[in-house]
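This report looks at pairs of oppositely charged side chains in a protein model. Please have the sequence and the 3D view open while reading.

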Amino acid sequence: MKKTKPCSIIPPKDRLASYRAAITENPNNASNNDLSILGMGDYKKLWKPGRELKIRFLEDVSSSFLLAFSKAITHWIKHVNLKFVIVPNGDADIRITTDSDDNKSLIGTDALTFDQDEATMYLETTPSDENFESTVLHEMGHALGYLHEHLHRDATIPWNREKVYAHYSEHYEWDEQQVDEQVLTPYSGAIVDTEYDKNSIMHYAIDKELTDGVWEVGINTVLSKLDIEMAKSTYPVDPDDLPWKDL
Ligand SMILES: [Zn+2]
């Protein structure tokens with residue numbers, strides 16, 4: 001069976017532009033920390049609640065792909081106060097390429113700092129894959145502004161670091177720095193103050209061969225209870241939009 005590279009978060013090209021885009025889009029993304037030391041997770045990259053997010057595929061995709069993709073992201077859509085529109089051409093907030101050998105994405109508003117002809121999400125998966133839906137949900141989670149759960153600052157995963165470096169080097173040719181960034185080093189900040197969640201769709205599957213031999217996480221295939229709480233708290237419904245506001 002082919003091995004797909006684990007998802008890696010695409011960093012912004014320019015951290016200052018990333019921060020500016022984040023706070024212009026949604027003032028609640030602002031951080032009190034010194035800008036010069038801001039790291040991943042030290043400020044939020046959430047879209048403005050209530051806004052419309054346009055999604056465009058950079059290549060032609062089949063109608064069955066579009067249908068499967070739309071069906072998958074519905075699991076997020078029903079919990080966030082955002083409108084999603086897939087557009088065939090023109091400007092779009094999230095640009096997806098399927099011409100890829102891995103699955104990865106920018107985080108939330110970082111997409112605003114990339115040019116319109118540049119992809120903000122890469123999908124290697126196709127609807128015939130068993131994990132298509134969970135992969136799309138995971139990458140859409142990044143596009144909504146969510147980070148990797150295994151790097152939650154409260155995650156205390158009993159890694160066997162030697163084996164982790166060897167594993168990612170052997171299978172995916174990741175060097176130690178990449179492994180440190182994508183797998184081993186928890187974020188200093190948090191996007192939202194939800195507790196660490198092994199069941200999150202944003203968590204890597206982790207084989208017990210890479211830990212103390214006991215600790216493991218399987219492939220999470222659906223949004224967890226805390227994922228849904230996070231979606232609702234980061235994109236809350238505007239009280240003015242509630243149907244009973246005038247009652
Ligand atoms: Zn990811």
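Which residues are linked with Asp102 in a network of salt bridges? Lys5 and Lys104 are linked with Asp102 in this network. The model is a predicted one, and the structure holds nine salt bridges. Side chains of opposite charge can pair when their charged atoms come close.

Three of these pairs are set out below.

| Pair | Closest N to O distance |
|---|---|
| Lys45 and Asp110 | 2.7 Å |
| Lys104 and Asp102 | 3.9 Å |
| Arg161 and Asp180 | 3.9 Å |

**Lys45 and Asp110.** Lys45 forms a salt bridge with Asp110. The pair links distant parts of the chain, with the two positions 65 residues apart in numbering. Lys45 lies in the loop between helix 1 (15–25) and strand 2 (52–57), while Asp110 lies in the loop between strand 5 (102–105) and strand 6 (121–122). Both Lys45 and Asp110 are buried.

**Lys104 and Asp102.** This salt bridge belongs to the network that also includes Lys5. Asp102 has a relative accessible area of 7%, so Asp102 is buried. Lys104 counts as partly exposed because its relative accessibility is 21%, and the cut-off for buried is under 20%.

**Arg161 and Asp180.** The side chains of Arg161 and Asp180 meet in a salt bridge. This pair, too, links distant parts of the chain: Arg161 is in helix 4 (residues 161–172) and Asp180 is in helix 5 (residues 176–184), 19 residues apart. Arg161 counts as partly exposed because its relative accessibility is 41%. Asp180, at 23%, also counts as partly exposed.

Note on methods: Residues are numbered from 1 along each chain as its sequence is written. This is a predicted model: local features need pLDDT of at least 70, side-chain atom pairs count only at pLDDT 80 or more; totals for chains, interfaces and linings use all residues. Side-chain values use heavy atoms; hydrogens and water are left out. A salt bridge is a side-chain nitrogen of Lys or Arg within 4 Å of a carboxyl oxygen of Asp or Glu. Helices (H or I, at least four residues) and strands (E, at least two) are DSSP runs, numbered from the N terminus. Buried means under 20% relative accessible area, exposed over 50%, partly exposed in between (1.4 Å probe, protein chains only).
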